[in-house]
Amino acid sequence: VVERWGGTSRHGPWEIVVPTGSSTDRLLPPRPNPCSGVLTIDYTVGADRAAVAIDVYDVAGRLGKSHHRGPAPAGDDSVVWNGTNESGDDVAAGVYFVRARMGATHLERKAVMLR
């Protein structure tokens, strides 16, 4: 039983696990936004996933930078984008989209890069 104060108590030989809001996949707004150099991208993987991808795209849909691809355990994590593309060149000022794919969940946030 989940008590009103947030603790749990057991009654009998049964245990029922109730998922909480913290077990969902989330992509928080990048910060600072707008930015002029380094952008921090915080996200939460709700359950262990075999495939997680955190990527940054420009407004034309071209991949700017890939930050995480592969398995990820459940929990909070973050990546830092330094405003460069896959070749290490600085990207142009403009609007970019941070896309997170966590299993079947696809999330997106907008970021503005200033120069």
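The following exercises, each with a worked solution, concern a predicted model of a protein.

**Exercise 1. The elements of the chain**

Task: Determine how many helices and strands the protein has, and in what order the elements run.

Solution.
1. The protein has 0 helices and 7 strands.
2. Read from the N terminus, the order of elements is therefore written β-β-β-β-β-β-β, a strand being a DSSP run marked E.
3. Buried residues account for 30% of the 115 residues in the protein.
4. Of the contacts between residues at least 6 apart in sequence, 51% join residues at least 24 apart.

**Exercise 2. The largest nonpolar core**

Task: State how many residues the largest nonpolar core has, and identify which strands each supply at least two of them.

Solution.
1. The largest nonpolar core has 19 residues.
2. Within this core, the residues with the most contacts are Ile41, Tyr43, Ile54, Trp81 and Met102.
3. At least two core residues come from each of strand E2 (39-45), strand E3 (49-58), strand E5 (75-81), strand E6 (94-102) and strand E7 (105-113).
4. Tyr43 may serve as an example: leaving aside neighbours within four places in sequence, Tyr43 is in contact with Arg26, Leu27, Ile54, His68, Gly75, Asp76, Asp77, Ser78, Val79 and Met102.

**Exercise 3. The surroundings of Val56**

Task: Decide whether Val56 is buried or exposed, and list the residues that Val56 touches beyond four places in sequence.

Solution.
1. Val56 lies in strand E3.
2. The relative accessible area of Val56 is 0%.
3. Buried means under 20% relative accessible area, so Val56 is buried.
4. Not counting residues up to four places away in sequence, Val56 touches Ile41, Arg62, Leu63, Gly64, Lys65, His67, Trp81, Tyr96, Phe97 and Val98.
5. One of these residues, Phe97, is 41 residues from Val56 in sequence, but their C-alpha atoms are 5.6 Å apart in space.

**Exercise 4. A buried lysine**

Task: Explain why Lys65 has no salt bridge, using the distance to the nearest side chain of opposite charge.

Solution.
1. Lys65 belongs to strand E4 (residues 63-72) and is buried.
2. The nearest side chain of opposite charge is that of Glu86, 5.3 Å away.
3. A salt bridge requires a side-chain nitrogen of Lys or Arg within 4 Å of a carboxyl oxygen of Asp or Glu, and therefore Lys65 has none.
4. Glu86 is nevertheless among the residues that Lys65 touches; with residues up to four places away in sequence not counted, the others are Ile54, Asp55, Val56, Trp81, Thr84 and Asn85.

**Exercise 5. Salt bridges**

Task: State how many salt bridges are counted, and describe the pairs formed by Arg49, Arg62 and Arg99.

Solution.
1. Side chains of opposite charge can pair when their charged atoms come close.
2. The count comes to 6 salt bridges.
3. Arg49 and Asp25 meet in a salt bridge, at 2.7 Å from N to O. This pair links distant parts of the chain: Arg49 is in strand E3 and Asp25 in the segment before strand E1 (26-27), 24 residues apart. Arg49 is partly exposed, with a relative accessible area of 24%, whereas Asp25 is buried, at 14%.
4. Arg62 and Asp58 also meet in a salt bridge, at 2.8 Å from N to O. Arg62 counts as exposed, at 56% relative accessibility, and Asp58 as buried, at 14%.
5. Arg99 forms a salt bridge with Glu108, the closest N and O atoms being 2.6 Å apart. Arg99 is partly exposed, at 29% relative accessible area, and Glu108 is partly exposed, at 45%.
6. Arg99 also lies over the face of Tyr57, at 4.3 Å from the ring centre.
7. A network of salt bridges links Asp55, Arg69 and Arg101.

**Exercise 6. The segment after E7**

Task: Classify Leu114 as buried, partly exposed or exposed, and name the residues that Leu114 touches beyond four places in sequence.

Solution.
1. Leu114 is placed in the segment after E7.
2. The relative accessible area of Leu114 is 42%; this value falls between 20% and 50%, so Leu114 is partly exposed.
3. Not counting residues up to four places away in sequence, Leu114 touches Pro34, Cys35, Ser36 and Ala93.
4. Leu114 and Gly94 are 20 residues apart in sequence, and their C-alpha atoms are 6.7 Å apart in space.

Terms used. Residues numbered from 1 in each chain as written. Predicted model: local features only at pLDDT ≥ 70, side-chain atom pairs only at ≥ 80, totals over all residues. Heavy atoms only, no water. Core = buried A, V, L, I, M, F, W, Y, C linked by side-chain atoms within 4.5 Å. Buried < 20%, exposed > 50% of the residue type's maximum accessible area, 1.4 Å probe, protein only. Helix = DSSP H or I, 4+ residues; strand = E, 2+ residues; numbered from the N terminus. Contact = heavy atoms within 4.5 Å. Lys, Arg positive; Asp, Glu negative; His and termini not counted. Lys NZ or Arg CZ within 6 Å of the ring centre and 35° of its normal.
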